[in-house]
Amino acid sequence: TKKLRFVATGGKEVTHVVGRHSNANPEGYGPDAIRCVSVNGASGTVLEGFTLRDGASSKSGSVTTRQYHQGGAMVVTDSAKDVYLVDCTISNCVALCGGGVRGGTLIRCWIDNCNGTARGSAFDGSYAFSCLITRCYYYYTAGTAGSGRGVVGGSDLVSCAVNCTFFGNSAPYGASAICCAQSATPKVSVVDCAFVSNKTCTALKFDTGSCYVTNCLFSGNYASDKTYSPALGLAKCKSVYGCSFIGEVGPRAVFSGCDLVERCVVSNCTRTLANECLVEGGAGKVFRNCLFVKNGNSASGNTDGRLVSQAILLNCTVADCDWGGGTLWSVVGKSSMCTNTIFSGNKPYDIIADRYNEWSPKMCNCLWTKQSGTVPEAKAINCKKAVDPMFTAPGDYTLQRKSPAAGRTLNFCR
């Protein structure tokens with residue numbers, strides 16, 4: 001089969017490929033549905049400058065029969081990634097899997113208001129570069145959920161999403177943006193993406209343990225189900241690097257289960273469930289060069305708030321967090337370890353040692369301003385207590401040159 005190049009000379013504003021929704025069920029896919037485009041065995045094919053709208057797939061066939069139930073706007077039946085949609089708009093398309101697109105590579109595309117009921121409302125098993133994904137919704141139906149439940153998802157998901165924006169998407173189950181739940185996926189990379197105002201459950205959900213999130217923004221995402229975190233829920237990531245988590249709201253941790261979180265900012269995030277951690281670590285999980293500021297808990301009856309549970313903090317700053325007046329506040333949870341970390345201005349305390357010393361982490365070269373109880377000397381090596389760290393200005397957490405925390409010699413806990 002020859003590769004082909006289709007270019008809409010009039011542009012996507014006037015050149016539309018229009019499918020048809022099925023009348024057989026309310027979701028819109030079914031035996032009388034019409035998909036916009038189907039590509040089979042034509043690697044190198046390019047579609048550029050089109051609007052693909054109102055397409056739908058048939059629900060017929062097994063869950064692995066792509067030509068029947070996947071890709072409301074376009075399906076690449078052999079899952080080739082070298083089939084390209086360029087500068088296209090995809091709107092109001094539905095499918096059991098891959099409501100917008102299944103397979104291929106999307107470049108500078110806008111995917112809007114697409115729906116999938118098993119996985120991948122926007123796209124499934126595709127690469128995405130500089131795309132905008134808005135108002136897509138994963139419509140969960142009991143008994144039809146696939147392995148990657150979300151606006152983007154699937155058994156092999158996307159190998160990468162680069163410079164994409166996910167705005168205003170929703171999913172009652174899985175992920176409101178990207179979900180991957182297959183351990184066989186070799187690697188998933190999400191780079192330079194923004195996840196803004198996605199709702200109902202977590203923005204990203206990775207269960208593969210081979211996922212990397214780099215230089216991404218998470219802002220205003222909301223999780224209502226206590227099972228999920230607003231940003232990365234059950235996220236078995238290898239690395240989260242250079243990301244900002246701003247104004248995330250949800251019952252549980254902003255993110256959880258990441259092996260390494262480095263050079264990240266977590267600010268103005270709110271937990272809505274009492275007695276939960278702000279970020280969920282785990283034994284051996286590392287937070288390095290991170291800033292945690294102005295976070296809190298809005299739940300009533302909060303008596304046991306922790307910033308991090310069972311993790312290692314290296315070269316971090318934790319400041320001006322308020323756990324809603326809880327009677328027990330600990331900036332780090334049980335079995336944690338901190339080195340070269342500053343704790344200041346947290347309410348009601350920076351450090352708390354309960355009667356069992358369960359939440360007194362092992363600390364080296366740390367500084368804090370206010371503590372409750374007695375932190376055993378054996379767990380506070382070369383630390384400075386009841387000291388002002390001398391930040392540059394309110395809201396500016398860089399240190400003045402005369403700060404007692406500046407230039408301290410690295411001294412790892414052992």
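Q: How much surface does the protein chain expose, and what share of it do carbon and sulfur atoms supply?
A: This is a predicted model, so take the areas as computed from it. The chain counts 414 residues, and 55% of them are buried. What remains open adds up to about 15,900 Å², with the carbon and sulfur share at 51%.

Q: What is the mean pLDDT of the protein chain?
A: Confidence varies along the chain. Residues 142–148 have pLDDT below 50, though this stretch has 18 contacts in the model beyond near neighbours in sequence. Residues 409–414 also stay under 50, with 22 contacts beyond four places in sequence. Across the chain, 71% of the residues reach 70 or more, and the mean is 78.

Q: How many helices and strands does the protein chain have?
A: For contacts with a separation of 6 or more, residues 24 or more positions apart account for 61%. As for secondary structure, the chain has 1 helix, and the strand count is 50.

Q: In what order do the 3 strands of the open sheet come?
A: Start with the pairs. Strand 9 is joined to strand 13 by 3 bridges, running parallel, and strand 13 pairs with strand 17 in the parallel sense over 2 bridges. Strand 9 (94–97) and strand 17 (137–138) each have a single partner strand, so these two are the edges. That gives the order 9-13-17.

Q: Which residue of strand 13 stands opposite Ala95, and which residue of strand 17 does Gly116 face?
A: Ala95 looks across to Gly116 in strand 13. On the strand 17 side, Gly116 stands opposite Tyr138. So the two names, following the bridges in, are Gly116 and Tyr138.

Q: How many of the 5 residues of strand 13 are buried?
A: Strand 13 covers residues 115–119. Strand 13 is largely enclosed by the rest of the structure, because the buried count is 5 of the 5.

Q: What is the relative accessible area of Phe167?
A: Phe167 sits in strand 20 (residues 165–167). Together with Trp110 and Leu132, Phe167 makes a nonpolar surface patch of about 270 Å². Joining such a patch takes over 30% relative accessible area. Phe167 counts as partly exposed, at 41%.

Q: Which residues make up the covered face of strand 26, and which the uncovered one?
A: Strand 26 (residues 211–214) has partners in strand 22 (residues 188–191), parallel over 4 bridges, and in strand 29 (residues 237–241), also parallel with 4 bridges. Its two faces are split: the covered one holds Cys211 and Val213, the uncovered one Tyr212 and Thr214.

Q: Which residue of strand 26 is the bridge partner of Val191?
A: Strand 22 and strand 26 pair in the parallel sense. The residue in question also stands opposite Tyr241 in strand 29. The bridge partner of Val191 is Thr214.

Q: Is Asn365 buried or exposed?
A: Phi of Asn365 is near 55 degrees, a positive value in a residue other than glycine. Most residues other than glycine have a negative phi. Asn365 is in the loop between strand 44 (362–364) and strand 45 (367–368). With a relative accessible area of 3%, Asn365 is buried.

Q: What is the relative accessible area of Asp320?
A: Phi of Asp320 is near 55 degrees, again positive in a non-glycine residue. Asp320 belongs to the loop between strand 39 (317–319) and strand 40 (329–332). Asp320 is partly exposed, at 33%.

Q: How far apart in sequence are the parts that Asp112 and Arg135 tie together?
A: The closest N and O atoms of this salt bridge are 2.5 Å apart. Asp112 lies in strand 12 (residues 110–112) and Arg135 in the loop between strand 16 (132–134) and strand 17, so the separation is 23 residues.

Q: What is the N to O distance in the salt bridge of Arg102 and Asp124?
A: Both ends are covered: Arg102 counts as buried at 0% relative accessibility, and Asp124 is buried at 0% too. Their side chains meet at 2.8 Å.

Q: Which residues do salt bridges that share partners join into one network?
A: Lys285 and Asp259 form a salt bridge, with the closest N and O atoms 2.7 Å apart. Lys285 lies in strand 35 (residues 277–288) and Asp259 in a loop, so the pair ties together parts 26 residues apart in sequence. The network consists of Lys238, Asp259 and Lys285.

Conventions. Residues numbered from 1 in each chain as written. Predicted model: local features only at pLDDT ≥ 70, side-chain atom pairs only at ≥ 80, totals over all residues. Heavy atoms only, no water. Pairing = 2+ DSSP bridges. pLDDT = per-residue confidence, 0-100. Contact = heavy atoms within 4.5 Å. Patch = residues over 30% accessible without salt bridge, like charges linked within 9 Å, V, L, I, M, F, W, Y side chains within 5 Å. Areas by Shrake-Rupley, 256 points an atom, 1.4 Å probe, with all protein chains shown as cover. Salt bridge = Lys/Arg side-chain N within 4 Å of Asp/Glu carboxyl O. Buried < 20%, exposed > 50% of the residue type's maximum accessible area, 1.4 Å probe, protein only.
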